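The following report describes the architecture of a two-chain protein model. The sequence and the structure are shown first, and the description follows.

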Amino acid sequence: MLKLDKLSKTYATGDTALRQVTFEVTAGQVVGLIGPSGAGKSTLIRCINRLVEPSEGTITLGDTNLARLKGRALRRARRRIGMIFQEYALVERLTVMENVLSGRLGYVPAWRSFLRRYSPEDVSQAFSLLEKVGLSDYFNKRADALSGGQRQRVGIARALEQNPELLLVDEPTASLDPKTSRQIMRLIGSACRERNLPAIINIHDVMLAQQFTDRIIGLRAGEVVFDGSPRALTDQVLTRIFGDEDWTRMRGEEPDSEQTRTPTVDLAEGV
Amino acid sequence: MQAQISHQRPTTWKRPPVIFTHTLWRWAIYTGALIYLVLAVQTIDIDWQRVWLGLDRGWKFVEGFLTPDFTTRWRDIREGLTESLTMTVTSTVAGILISVPIGIGAARNLAPMPVYLACRGIITLSRSFQEIIIAILLVAMFGFGPFAGFLTLAFTSIGFLSKLLAEDIEECDPSQIEAIRATGAGWWQVVNYAIQPQVMPRLVGLSLYRLDINFRESAVIGIVGAGGIGATLNTAIDRYEYDSAGAILIIIIAIVLVVEYSSSYVRRWVQ
């Protein structure tokens, strides 16, 4: 279980990215974090595994307060948290297998990882994860030889190889096509259900968030402005999170009153 | 309609000047530069009679170069070559071994501030002097011969390789480093899994390039007494044996060519 209490982050430049963020995520819950660009979504999940240093507040995972850990204790906490990245963040020149096995780095001593001598359990788990994400034949391919969707699958396998207690997912579908996006979201969702794994997913695609998460948290200018079920995400709520926009049109439904638009406005929208 | 548009908008466009944005200043600087050039050319004092006398000697050199004599001084040439090649290889290997840790220490994204400053200091020291000056110094300290040459080349290789390696590490994709850190990896593991795969091809390329440079420099520093083919070349010229000197120059060109071709082949192979 993850608990954030009054988490704040102010960057050295004076920009406040997070203000007093407080919420709890229970086991097995998949939380979608939505909000406009610059709302602090990335900062929030990076504060949890301390890739970004939080300024104030506490982050409790199990019994540990992550916010004040240092050195070895911090690395031991990080290995309990799996992370999936926007541009996959695979090590391009390493093989798929090395990328998946790098999920064990927090558990094995440096000399073992240097010689790539992982324990039989680690290796067999890596093979079974690759099978699960549908890449069982690709283990000796280099990561940069894969397509976007395949890379993200390796990213998921790497995160799961950690046997995490929490999954942090940063815009997993931002550079993928709609179909692959859905497959990736489904994969993350089923992995979480299977392992009763809580997850926080940053996502700017509201429809994907509604379809694949159990709960939505809306962030605007570093503050939580919505926390509830995906069904409760009404037009008013979306306006509160993102600002004014014709939400009905975005959902692909016909608006009640068709407005006639001038061509110049349409041109500007396309940009 | 079309005519109206061309009336409203300009039809010509010129790239704005990057420096000297003020028109008057630009012309003043250009005219100043021209006047300086004319005056400077006038101060060059050429003694045409000496040029005429020198032509004769120059022609002898060209003749020697066109009829290279490999056999008369072959023993000296072979000795010099072996010395030069030994110096080149050993100093490059020693240079690489020392410059890798220094390069890592001089990368701002990996090293703490004191280590960074110390390593940058070593690099600056090694880069401040040209090979010949260091060679003169080391010949005075360790006596004539290839050992002084080896030390000179190893020392200058450190500045070159560590600086470029450090810059390459600093330009590494930060998301790959972040991803490996997020698994709970320690510092050595981050270097091994996130940095090394990214910089390895360039490090190999730079090392081969340095091998090439070291061979050429070994010929130069031989002239100030640091052994090698340079010493042989110097002796040949001092004895007015331009045919032997021509042979040495041809051998140097051939070896540089071989190194050049093989290094481009190896670089393609490690990419």
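Within strand S8 of chain A, A:Ile200 serves as the bridge partner of A:Leu168. This bridge belongs to the pairing of strand S7 (residues 166–170) of chain A with S8(A), which is parallel and extends over four bridges. The model discussed here is a predicted one. A:Ile200 is also the bridge partner of A:Val31 in S8(A). That second contact belongs to the pairing of strand S3 (residues 30–34) of chain A with S8(A), where four bridges join strands that run parallel.

How are the two faces of S8(A) covered? Strand S8 (residues 199–202) of chain A carries A:Ala199 and A:Ile201 on one side, and both are buried. On the other side stand A:Ile200 and A:Asn202, which are buried as well. A:Ile200 thus appears both as the partner of A:Leu168 and as one of the buried residues of S8(A).

**The antiparallel sheet of chain A**

Strands of a sheet pair through backbone hydrogen bonds, in either a parallel or an antiparallel sense. Apart from the parallel pairings of S8(A) with S3(A) and with S7(A), chain A contains an open sheet of four strands with antiparallel pairing, in the order S2-S1-S4-S5. Strands S2 and S5 (64–65) of chain A stand at the edges of this sheet and have a single partner strand each, so one side of each is left without a neighbour in the sheet.

Strand S1 (residues 2–10) of chain A forms six bridges with strand S2 (residues 16–25) of chain A, and the two run antiparallel. One position in this pairing is A:Thr10, whose bridge partner in S2(A) is A:Thr16. The hairpin of S1(A) and S2(A) has five residues between its strands. Within this hairpin, A:Gly14 adopts a positive phi near 100°.

S1(A) also pairs with strand S4 (residues 56–61) of chain A, again in the antiparallel sense, over five bridges. In this pairing A:Asp5 has A:Thr58 of S4(A) as its bridge partner.

**Positive phi values outside glycine**

Two residues of chain A other than glycine call for separate mention. The phi of A:Tyr88 is positive and near 70°. A:Tyr88 is found in the loop between strand S6 (81–84) and helix H3 (96–101) of chain A. Is this residue buried or exposed? A:Tyr88 has a relative accessible area of 8%, and because the limit for burial is under 20%, A:Tyr88 counts as buried.

A:Ala221 likewise is not a glycine, and its phi is positive at about 50°. Its position is the loop between strand S9 (215–220) and strand S10 (223–228) of chain A. With a relative accessible area of 44%, A:Ala221 is partly exposed.

**The two chains as wholes**

Chain A contains 11 helices and 10 strands, while chain B contains 11 helices and zero strands. From the N terminus on, the elements of chain B therefore read α-α-α-α-α-α-α-α-α-α-α. The radius of gyration of chain B is 27 Å, well over the 18 Å that the globule rule gives for 271 residues, so chain B is more spread out than a compact globule. For chain A the radius of gyration is 20 Å, which agrees with the value near 18 Å for a compact globule of 271 residues.

Overall values for each chain are set out below.

| Property | Chain | Value |
|---|---|---|
| Span along principal axes | Chain A | about 65 × 40 × 35 Å |
| Span along principal axes | Chain B | roughly 80 × 60 × 35 Å |
| Buried residues | Chain A | 50% of 271 residues |
| Buried residues | Chain B | 39% of 271 residues |
| Accessible surface | Chain A | about 12900 Å² |
| Accessible surface | Chain B | about 16600 Å² |

Carbon and sulfur atoms supply 48% of the surface that chain A exposes. In chain B, 68% of the accessible surface belongs to carbon and sulfur atoms.

Among contacts in chain A with a separation of 6 or more, 66% link residues 24 or more positions apart. For chain B, the corresponding share is 75%.

Charged side chains complete the description. Chain A has 38 positive and 34 negative side chains, with the centres of the two sets 9 Å apart. Chain B has 21 positive and 21 negative side chains, and there the centres of the two sets lie 9 Å apart.

Key. Residues are numbered from 1 along each chain as its sequence is written. Chains are lettered from A and ligands numbered from 1 in the order in which they are written. Side-chain values use heavy atoms; hydrogens and water are left out. The radius of gyration is taken over C-alpha atoms; the globule rule is 2.2 Å times the number of residues to the power 0.38. Buried means under 20% relative accessible area, exposed over 50%, partly exposed in between (1.4 Å probe, protein chains only). Contact means heavy atoms within 4.5 Å. Accessible areas come from the Shrake-Rupley method with a 1.4 Å probe; for residues, only the protein chains shown count as cover. Lys and Arg count as positive and Asp and Glu as negative; His and the chain ends are not counted. The place of a charge is taken as NZ of Lys, CZ of Arg, CG of Asp or CD of Glu. Two strands pair if DSSP finds at least two bridges between them.
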